[in-house]
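Me: Please take a close look at one part of this model, the surface that meets the DNA. Start with the cysteines, then go through the contacts in detail.

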Number of protein chains: 2
Amino acid sequence: MFWARGYAGASIAELTEVMGINSPSLYAAFGSKEELFKEAVALYVATDDSCTLQMLEGDLTTRDSIAAMLAVNARSCLLPDRPSGCFLMIGATNGGPETDAAQQYLCDKRKDMAARIRARLERGVADGELPAGLNLDRIAAYFATVIKGMSIEARDGADAETLAAVARSAMFGWDAITSTQG
Amino acid sequence: MFWARGYAGASIAELTEVMGINSPSLYAAFGSKEELFKEAVALYVATDDSCTLQMLEGDLTTRDSIAAMLAVNARSCLLPDRPSGCFLMIGATNGGPETDAAQQYLCDKRKDMAARIRARLERGVADGELPAGLNLDRIAAYFATVIKGMSIEARDGADAETLAAVARSAMFGWDAITSTQG
DNA sequence: ACCTTTATTTAGTGATCGTCACAGAAAAGA
DNA sequence: TCTTTTCTGTGACGATCACTAAATAAAGGT
């Protein structure tokens, strides 16, 4: 529900109906809507989202691991029986001050993602695959931007082939991006 | 208000307070919250957003016009006294069924943007700058994805230099993207 | 079988949502 | 000046929001 409607758009009444419980049970188990949301996000990060970032952990070259991450993200934006796009990108964007905590929580998760991309780039520098002196923050920001954009693109109705092509296109500039010019 | 909080997050009470009127005046002038939102979006498209797509209309080469569009978009995501990011990307993403019309309206505007990028690419083919046989839809989807991602990146706190670097990075693969391989 | 503890249901809290009927004020035409 | 028209402010509509106190049912221990 949070994934499809967002934090503010998913009401307690809808949540309890889907969960098959009454609201007092929900509050006894989770404490508040905000806590329930955070647990849902944590579950998402531990399951669906882990596949994408897991591509950064293997024995692939730096370039191939980034490419694989983009490709996996493109696919996971259009899984059957799930809302389009990544939960972390679209789970809480709109809303008044009462949604600030949820928005900040997702923002932190997105920054974790960028940090892990940056860590993979650092490993590439340490392995000698990438030259020293690169501005790794900016390179990581570029790939994070593409990933974020793909979620909106998926919500707008892009098909799997288009998203896969976007992932490939984002890699075409790899050699120039990873040259020492920033 | 819609830009900062989104369609569902901006209440009539907040809107009327900012506008300095009472709700009956708002309904007499615009008819409904949805109509007011559409007028606000139309105003945004005609003013702030026009600067970005205007880069596609000049005498620049296809490559330079796309690069200029990305650069202008990067700057307009972080204007002072305005919410971060593009209104079309973040104005209505969350919410229940009653926000579907607003979401669809913004989605159509985003597709207009992609269509204009595609039209610029077509002009490039007609001018002989780009080879024939390219899958222009996918190329346009790539640049649209980068633009969409930059808005989330801006909301997440990226500074102007980072966004400008992202815009440059997105252009590094231009030659490969515009080769006849799709 | 009895008591204690846990879980679920019913019902309702005040607040806020988008929207509008109605009354009173201001402006315009004669 | 009087009437007609347009506009603005007051107040309230039913619905829904997140959240919870009190009552009822179930489960576990002895």
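Reply: Over all chains, the structure holds 0 disulfides. The term stands for a pair of cysteine sulfur atoms within 2.5 Å. In general, a disulfide is a covalent bond between the sulfur atoms of two cysteines. B:Cys51 is in no disulfide, and its nearest cysteine sulfur, that of B:Cys86, is 11 Å away. B:Cys86 is in no disulfide either, with the sulfur of B:Cys77 nearest, at 6.6 Å. B:Cys51 is partly exposed, at 40% relative accessible area. B:Cys86 is buried, at 3%. The classes are buried under 20% relative accessible area, exposed over 50% and partly exposed in between, with a 1.4 Å probe and protein chains only.

A word on the basis. The model is predicted; local features need pLDDT of at least 70, side-chain atom pairs count only at pLDDT 80 or more, and totals for chains, interfaces and linings use all residues. Residues are numbered from 1 along each chain as its sequence is written, chains are lettered from A and ligands numbered from 1 in the order in which they are written, and side-chain values use heavy atoms, with hydrogens and water left out.

Now DNA strand C. Near means that a heavy atom of the residue lies within 4 Å of the strand. Chain A supplies A:Asn22, A:Pro24 and A:Ser25. From chain B come B:Ala10, B:Ser11, B:Ile12, B:Ser23, B:Pro24, B:Tyr27 and B:Lys33. By class, these residues divide into 5 nonpolar, 4 polar and 1 charged. Here Ala, Val, Leu, Ile, Met, Phe, Trp, Tyr, Cys and Pro count as nonpolar, Asp, Glu, Lys and Arg as charged, and the others, Gly among them, as polar.

Of the strand C atoms within 4 Å of the protein, 66% belong to sugar or phosphate. The rest belong to bases. Polar contacts are pairs of N or O atoms within 3.5 Å; within protein, one must be able to donate a hydrogen and the other to accept it, and residues adjacent in sequence count only if both atoms are side-chain atoms. B:Tyr27 places a polar side-chain atom 2.4 Å from a phosphate oxygen of strand C. For B:Lys33, the side-chain distance to a phosphate oxygen is 2.7 Å. B:Ile12 uses a backbone N or O atom, 2.8 Å from a phosphate oxygen. Two elements give two or more residues to this surface: α3 (23-30) of chain A and α3 (23-30) of chain B. α3(B) gives the most, with 3 residues. Helices are DSSP runs (H or I, at least four residues), as are strands (E, at least two), numbered from the N terminus.

DNA strand D comes next. Its surroundings include A:Ala10, A:Ser11, A:Ile12, A:Ser23, A:Pro24, A:Tyr27 and A:Lys33. Chain B adds B:Asn22, B:Pro24 and B:Ser25. This surface divides into 5 nonpolar, 4 polar and 1 charged. Sugar or phosphate accounts for 68% of the strand D atoms within 4 Å of the protein, and bases for the rest. A:Tyr27 has a polar side-chain atom 2.7 Å from a phosphate oxygen. For A:Lys33, a side-chain N or O atom is 2.7 Å from a phosphate oxygen. B:Asn22 also reaches a phosphate oxygen of strand D through its side chain, at 2.3 Å. Again α3 of chain A and α3 of chain B each give two or more residues. On this surface α3(A) gives the most, with 3 residues.
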